[in-house]
Amino acid sequence: MSSIISPPPPVVRARALTKTYRRHRQEPGIRGALAAFVHRTIEEHQALAPLDLEIGEGEFVGLLGPNGAGKTTLVKLCCGLIRPTSGFLSVLGHEPGLRRGSFLREIAVVLGQKSMLWWDVPTLDSMLVHKAMYGLDAVTYASRLGELTEVLDLDRLLDVPVRRLSLGERMRCELALALLHSPRLLFADEPTIGLDAVA
């Protein structure tokens, strides 16, 4: 009698996932501002149309599309930074919007337009904060930091205040910081901003 091995569940599973924002519309000028006091016109903007998606363990998935297509919105939904308007979303078996610690320890996110690094201190200081935040022991921390420093060529960057780094240098440091706790899943939104072809 042979046993049937079922495939592992998807790392990311979305069914009819949507995100809609409500915003008020106001005509320009003083007249428009005064009219908005009396009556606000509310519009709904669909940032993400109904989406079905499955991503398996070990897969690399890239999102391509024009500005406003919902790429960043999808990343934010998967990280739990925003909640869906409707539909189903599961990431690593968790509901991202609940932002439970057990979920957050398994993911990392790099947002090219937003920094996790402290602007006025060296990257190494941010690394030490993450070491404490994720409860990394000294041996694991030193091993991971050494590996990331070598792979991302950070030797001369770790002691430099972040504000003095070029955009490409900062992005390499951001990636190292995100990977320090060995997450199972990495979300990256425009992570190659400022990087040259070699980087």
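Hi everyone, let's begin with helix H2, residues 71-79, where Thr-73, Leu-74, Val-75, Leu-77, Cys-78 and Cys-79 are buried. Please keep in mind that what we are looking at is a predicted model. What do those buried residues pack against? Their partners are strands E1 (12-25), E2 (41-55), E3 (86-91), E4 (107-111) and E5 (185-189), together with helix H3 (101-104). Just after H2 comes Gly-80, and its phi is positive, near 85°.

Now to the sheet. Three strands make an open sheet in the order E2-E1-E3, and their pairing is antiparallel. Strands E2 and E3 are at the edges with a single partner strand each, so each has one side without a neighbour in the sheet. From one strand to the next, the twist averages 30°. If you follow E1 and E2 along, you will find 11 bridges in their antiparallel pairing. To get your bearings there, look for Thr-20, which stands opposite Gln-46 in E2. Our helix H2 comes back here: H2 packs on the sheet and touches E1, E2 and E3, with its direction at about 70° to that of E2.

Next, the nonpolar cores. The largest one has 22 residues, and the members that touch the most others are Val-12, Leu-89, Val-91, Leu-185 and Phe-187. At least two residues of this core come from each of E1, E2, H2, E3, E4 and E5. Which element gives the largest share? That is H2, with five residues. Let's zoom in on Val-12: leaving aside residues up to four places away in sequence, Val-12 touches Leu-53, Glu-54, Ile-55, Cys-78, Leu-89, Ser-90, Val-91 and Leu-185. There is also a second, separate core of 16 residues, and its members include Leu-148, Leu-152, Leu-154 and Leu-165.

Let's turn to charges. Side chains of opposite charge can pair when their charged atoms come close. How many salt bridges does a search of the whole structure find? The search finds nine, and I'd like to show you three of them.

In one of them, the side chains of Arg-15 and Glu-54 meet at 2.4 Å, N to O. Arg-15 belongs to strand E1 and Glu-54 to strand E2, so this pair ties together parts that are 39 residues apart in sequence. Arg-15 counts as partly exposed at 36% relative accessibility, and Glu-54 is also partly exposed, at 41%. The two are in a network of salt bridges that links Arg-13, Arg-15 and Glu-54.

Another salt bridge joins Glu-57 and Arg-184, at 3.1 Å, N to O. This pair links distant parts of the chain, 127 residues apart: Glu-57 is in the loop between E2 and H2, while Arg-184 is in the loop between helix H6 (167-179) and E5. Is Glu-57 buried or exposed? With a relative accessible area of 51%, Glu-57 is exposed, whereas Arg-184 is partly exposed at 47%.

My last example stays inside a helix. Arg-144 and Glu-147 form a salt bridge at 3.4 Å, N to O. Both lie in helix H5, residues 138-152, three residues apart, or about one turn of the helix. An α-helix has 3.6 residues a turn, so residues three or four places apart point the same way. Arg-144 counts as buried, at 15% relative accessibility, because buried means under 20%. Its partner Glu-147, at 41%, counts as partly exposed.

Thanks for listening!

Definitions and conventions:
Residues numbered from 1 in each chain as written. Predicted model: local features only at pLDDT ≥ 70, side-chain atom pairs only at ≥ 80, totals over all residues. Heavy atoms only, no water. Buried < 20%, exposed > 50% of the residue type's maximum accessible area, 1.4 Å probe, protein only. Helix = DSSP H or I, 4+ residues; strand = E, 2+ residues; numbered from the N terminus. Contact = heavy atoms within 4.5 Å. Pairing = 2+ DSSP bridges. Axes fitted to C-alpha atoms, helices over the stretch in contact; angles between N-to-C directions. Salt bridge = Lys/Arg side-chain N within 4 Å of Asp/Glu carboxyl O. Core = buried A, V, L, I, M, F, W, Y, C linked by side-chain atoms within 4.5 Å.
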